[in-house]
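Thanks for coming. I will go through one structure this morning, beginning with the ligand and then moving along the chain.

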Amino acid sequence: QEFPSPPEKPQPPRASADSPPRLEFPPPNVISPPPVYRAPPRQGHIPPPDEDPPLRPLPKELVLKLYKTMTLLNTMDRILYESQRQGRISFYMTNYGEEGTHVGSAAALDDTDLVFGQYREAGVLMYRGYPLDLFMAQCYGNISDPGKGRQMPVHYGCRDRHFVTISSPLATQIPQAVGAAYAIKRADANRAVICYFGEGAASEGDAHAGFNFAATLECPIVFFCRNNGYAISTPTSEQYRGDGIAARGPGYGLMSIRVDGNDVFAVYNATKEARRRAVAENQPFLIEAMTY
Ligand SMILES: Cc1ncc(C[n+]2csc(CCOP(=O)(O)OP(=O)(O)O)c2C)c(N)n1
């Protein structure tokens with residue numbers, strides 16, 4: 001089976017490129033930072049139906065589901081975080097302040113798109129209808145836990161909801177997700193893979209391997225980076241010297257965008273379009289969602 005590349009694939013300059021007027025090493029800060037996409041304000045304006053599809057208003061039921069899931073996630077977090085503080089469960093990771101990234105991106109996917117998460121994307125599984133009692137059972141490792149208590153809390157997984165079980169070692173999900181996307185492409189399955197990770201995990205070598213494989217093998221994957229400014233407690237100023245994760249995308253030949261992760265509609269629009277193009281064109285996309 002042949003997989004033709006779309007004609008507008010970036011062609012990096014080769015040795016025939018022009019020489020600069022003098023020898024110089026351009027400092028990294030002369031490259032302008034990626035802009036931050038936000039959903040356009042409506043201000044009462046109803047766009048015509050032929051307007052760019054991602055900018056159309058969303059149905060009321062969908063908007064309500066976004067809101068309800070974000071609120072429910074926040075409530076579940078409070079209960080499970082307090083359970084951990086009271087010593088009832090051994091571990092917990094809250095999702096506070098990142099609800100819009102989970103729910104906005106989950107809503108933009110097809111139901112059978114395969115999800116590889118890190119450990120802070122419970123809202124994606126919740127959006128897909130994972131019941132509260134199973135979240136609880138997993139965190140408590142009780143008899144109702146589908147994983148039979150073998151995993152640490154928050155390491156959810158659900159085959160029926162196409163959500164691959166979380167693993168603790170950072171960034172292992174990135175090359176795994178790319179491999180899955182490559183398999184999906186070869187099967188011509190009209191599905192996408194989405195792979196979530198934090199900006200801290202993006203410093204792992206596995207992130208490099210995954211980005212490069214996805215670009216060269218032209219895989220239908222959306223890399224979704226949640227940039228919350230910290231790798232648990234290490235600020236980004238101590239994690240890297242470049243401008244975040246989206247700025248790395250062009251170096252790999254990845255179509256990249258930075259979005260306001262607090263704007264659920266921006267996250268939805270960006271993921272919807274990235275997912276559509278990833279499948280239609282067999283190429284990877286990178287979204288960096290800035291949170292807090
Ligand atoms: C390979 C590996 N190294 C270190 C850790 C310990 N660790 C757990 S979370 C974390 C920080 C991750 O930061 P980020 O990816 O930004 O995610 P966030 O927690 O901020 O959402 C680290 C270093 C780990 N789990 N795996």
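**The ligand and the chain around it**

Start at Ser-168, where a backbone N or O atom lies 3.1 Å from a nitrogen atom of the ligand. Keep in mind throughout that this is a predicted model. There are two further polar contacts to show you. At Gly-200, a polar backbone atom is 2.8 Å from an oxygen atom of the ligand. At Arg-226 the side chain takes part, with a polar atom 2.9 Å from a ligand oxygen. How much of the ligand's accessible area does the protein cover? On its own the ligand has 590 Å² of accessible area, and the protein covers 70% of that.

Now the shell. The ligand is surrounded by 16 residues, and the closest are Tyr-119, Arg-120, Gly-200, Ala-201 and Tyr-230. By type, the shell consists of seven nonpolar, five polar and four charged residues. So Gly-200 turns up twice, among the closest residues and as a backbone polar contact.Next, the annotation. An unreviewed UniProt entry carries "domain: Dehydrogenase E1 component" for residues 67-292. Across residues 67-292 the chain is 41% helix and 15% strand. The C-alpha atoms at the two ends of that stretch are 17 Å apart.

Let me turn to the helices. Ser-105 sits in helix α2, residues 99-107. Is Ser-105 buried or exposed? Its relative accessible area is 0%, so Ser-105 is buried. A polar atom of the Ser-105 side chain lies 3.0 Å from the backbone oxygen of His-102. Setting aside residues up to four places away in sequence, Ser-105 touches Gly-100, Ile-194, Tyr-196, Phe-224, Val-267 and Thr-271.

Helix α4 runs over residues 132-140, and its buried residues are Phe-135, Ala-137, Gln-138 and Cys-139. What covers the buried residues of α4? The cover includes α1, residues 60-85, and α3, residues 122-127. Just after α4 comes Gly-141, with a positive phi of about 55°.

The loop between α4 and β3 holds two residues I want to point out. One of them is Lys-148. Its phi is near 55°, which is a positive value in a residue other than glycine. Lys-148 is exposed, at 61% relative accessible area.

Gln-151 is also found in the loop between α4 and β3. With a relative accessible area of 33%, Gln-151 is partly exposed. Apart from residues up to four places away in sequence, Gln-151 touches Gln-138, Thr-165 and Ile-166. Gln-138, you will recall, is one of the buried residues of α4. For a distance across the model, take Gln-151 and Leu-72: they are 79 residues apart in sequence, and their C-alpha atoms are 24 Å apart.

Past β3, in the loop leading to α5, is Ala-171. Here again phi is positive in a residue other than glycine, with a value near 75° for Ala-171. Is Ala-171 buried or exposed? It is buried, at 0% relative accessible area.

Further along is helix α6, residues 205-217, which contains Ala-214. Ala-214 counts as buried, because its relative accessibility is 0% and the cut-off for buried is under 20%. Leaving out neighbours within four places in sequence, Ala-214 is in contact with Val-178, Cys-219, Ile-221, Phe-223 and Pro-284. Ala-214 and Ala-202 are 12 residues apart along the chain, and 15 Å separates their C-alpha atoms.

The last residue for today is Ile-257, in strand β8, residues 255-260. Ile-257 counts as partly exposed, with 31% relative accessibility. Which residues is Ile-257 in contact with, leaving aside neighbours within four places in sequence? They are Tyr-37, Ala-246, Leu-286, Ile-287 and Glu-288. Now compare sequence with space: Val-36 is 221 residues away from Ile-257 in sequence, yet their C-alpha atoms are 7.7 Å apart.

To go back to where I began, the ligand contacts shown were the backbone of Ser-168, the backbone of Gly-200 and the side chain of Arg-226. I will take questions now.

Conventions: Residues are numbered from 1 along each chain as its sequence is written. This is a predicted model: local features need pLDDT of at least 70, side-chain atom pairs count only at pLDDT 80 or more; totals for chains, interfaces and linings use all residues. Side-chain values use heavy atoms; hydrogens and water are left out. UniProt positions are given in the numbering used here, feature names are shortened, and annotations may be inferred rather than shown by experiment. Helices (H or I, at least four residues) and strands (E, at least two) are DSSP runs, numbered from the N terminus. A residue is near a molecule or strand if one of its heavy atoms lies within 4 Å of it. A polar contact is a pair of N or O atoms within 3.5 Å; within protein, one must be able to donate a hydrogen and the other to accept it, and residues adjacent in sequence count only if both atoms are side-chain atoms. Accessible areas come from the Shrake-Rupley method with a 1.4 Å probe; for residues, only the protein chains shown count as cover. Ala, Val, Leu, Ile, Met, Phe, Trp, Tyr, Cys and Pro count as nonpolar, Asp, Glu, Lys and Arg as charged, and the others, Gly among them, as polar. Buried means under 20% relative accessible area, exposed over 50%, partly exposed in between (1.4 Å probe, protein chains only). Contact means heavy atoms within 4.5 Å.
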